[in-house]
Amino acid sequence: MFTGLVEEVGQIRRIGRKGEAMVLNIGASAIMDDLKIGDSVAVNGVCLTATTLEGGGFTADVMPETYRHTNLSQLQAGSKVNLERAMQSGGRFGGHIVQGHVDGTGVIGSITRDQNAIVFEIKPDDHQLFKYLIPKGSVTLDGISLTVVHTSDTAFTVSIIPHTIGETVLNVKKTGDTINIECDILGKYVDHLLQYGRGHRETGAGKPRSISEDFLSNHGFA
């Protein structure tokens, strides 16, 4: 599990490609202090496994499924990437629950300044993501824990402080770039439970055990 607080910006040193499979060699410093082979690292918000450690960096494999559904496929030698190690037990929980399981990508529609904040407008490729995007709720963009400010039929906005811009890959992002989106896991679980319960009621398959409107009403939440 991650928190969405980026520890450092690394740099892609080499990329091995075979079809839609990739091996990334990533230069890093701060996260190398206690990184071990087999540890999880969020790379632009994608949970990857460190497979080797070498000379101020590490390597990680990218599977075809990840290649197809994240912006890692667009990386080149020299690209900057956000890096975060998995959260330690007892560590500060400064962001929100981030799994490193990207739900989809979006395009940066605009970047504007609002006094001391920079506002990014994001247009998701998959409209299904909007049901999880709630004003004042959490969202992860390229591994950064952020707060949704506003949503419309086609886009949502986040407002970012200069410190976050300066310490992440957002400082090199521009309009038209692709960004990874991970929605809040709590909303996804609630949605799944409601859909699962509704499906069981409609098909009569077994005894519904998940959350539904009837379940909540019968247990005093009417």
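# Exercises on a predicted model

M1, F93, I97 and L186 together form a nonpolar patch on the surface, with about 380 Å² of accessible area between them. The model worked with here is a predicted one, and each exercise below is followed by a solution in steps.

## Exercise 1: a member of the patch

Task: Find in which helix L186 lies, and decide whether L186 is buried or exposed.

Solution. Begin with the position along the chain: L186 belongs to helix α3, which covers residues 185-203. Then turn to the accessibility, where the relative value for L186 is 55%. Since the cut-off for an exposed residue is over 50%, L186 counts as exposed. This residue is thus one of the four names listed for the surface patch, alongside M1, F93 and I97.

## Exercise 2: the surroundings of N71

Task: Locate N71, classify its accessibility, and identify the polar contacts of its side chain.

Solution. In the first step, N71 is placed in the loop between α1 (64-69) and β6 (80-85). In the second step, the relative accessibility of N71 is read as 3%, and because buried means under 20%, N71 counts as buried. In the third step, the partners of the side chain are sought: a polar atom of the N71 side chain lies 3.2 Å from the backbone oxygen of T178, and the N71 side chain also makes a polar contact of 2.7 Å with the side chain of N180. In the last step the view is widened to residues that N71 touches, leaving aside those up to four places away in sequence, and these are N44, T105, D142, K173, T178, I179 and N180.

One of these neighbours, N44, deserves a further look. N44 is found in the loop between β3 (40-43) and β4, and at 3% relative accessibility it counts as buried. Its phi is near 50°, a positive value in a residue other than glycine.

## Exercise 3: salt bridges and what they join

Task: State how many salt bridges the model has, and work out which parts of the chain are tied together by R14 and E54 and by D142 and K173.

Solution. The count comes to 10 salt bridges. For the pair of R14 and E54, the closest N and O atoms are 3.1 Å apart. R14 lies in strand β1 (residues 8-18), whereas E54 is in the loop between β4 (46-53) and β5 (57-62), so this pair ties together parts that are 40 residues apart in sequence. R14 is partly exposed at 47% relative accessibility, and E54 is partly exposed as well, at 34%.

For the other pair, the side chains of D142 and K173 meet in a salt bridge with an N to O distance of 3.1 Å. D142 lies in the loop between β9 (138-141) and β10 (144-151) and K173 in the loop between α2 (162-166) and β12 (178-183), so the parts tied together are 31 residues apart in sequence. Here D142 is buried, with a relative accessible area of 0%, and K173 is buried too, at 16%. Both D142 and K173 are among the residues touched by N71.

A further bridge joins D177 and K174, whose closest N and O atoms are 3.4 Å apart. In this pair, D177 counts as buried at 17% relative accessibility, while K174 counts as exposed at 51%. Finally, E7, D34 and R85 are linked in a network of salt bridges.

## Exercise 4: F2 and its contacts

Task: Determine where F2 lies, whether F2 is buried or exposed, and which residues F2 touches.

Solution. F2 is located in the segment before β1. At 1% relative accessibility, F2 counts as buried. Not counting residues up to four places away in sequence, F2 touches S40, V41, A42, C47, E84, R85, A86, H96, I97, V98, Q99 and G100. Two of these names recur from earlier steps, namely R85 from the salt-bridge network and I97 from the nonpolar surface patch.

## Exercise 5: the protein overall

Task: Describe the protein by its helices and strands and by its share of buried residues.

Solution. There are 4 helices and 12 strands in the protein. Of its 222 residues, 41% are buried. Lastly, among contacts between residues at least 6 apart in sequence, 67% join residues at least 24 apart.

Notes
Residues are numbered from 1 along each chain as its sequence is written. This is a predicted model: local features need pLDDT of at least 70, side-chain atom pairs count only at pLDDT 80 or more; totals for chains, interfaces and linings use all residues. Side-chain values use heavy atoms; hydrogens and water are left out. Helices (H or I, at least four residues) and strands (E, at least two) are DSSP runs, numbered from the N terminus. Buried means under 20% relative accessible area, exposed over 50%, partly exposed in between (1.4 Å probe, protein chains only). A polar contact is a pair of N or O atoms within 3.5 Å; within protein, one must be able to donate a hydrogen and the other to accept it, and residues adjacent in sequence count only if both atoms are side-chain atoms. Contact means heavy atoms within 4.5 Å. Patches are made of residues with over 30% relative accessible area and no salt bridge: like charges are joined within 9 Å, nonpolar side chains (Val, Leu, Ile, Met, Phe, Trp, Tyr) within 5 Å. Accessible areas come from the Shrake-Rupley method with a 1.4 Å probe; for residues, only the protein chains shown count as cover.
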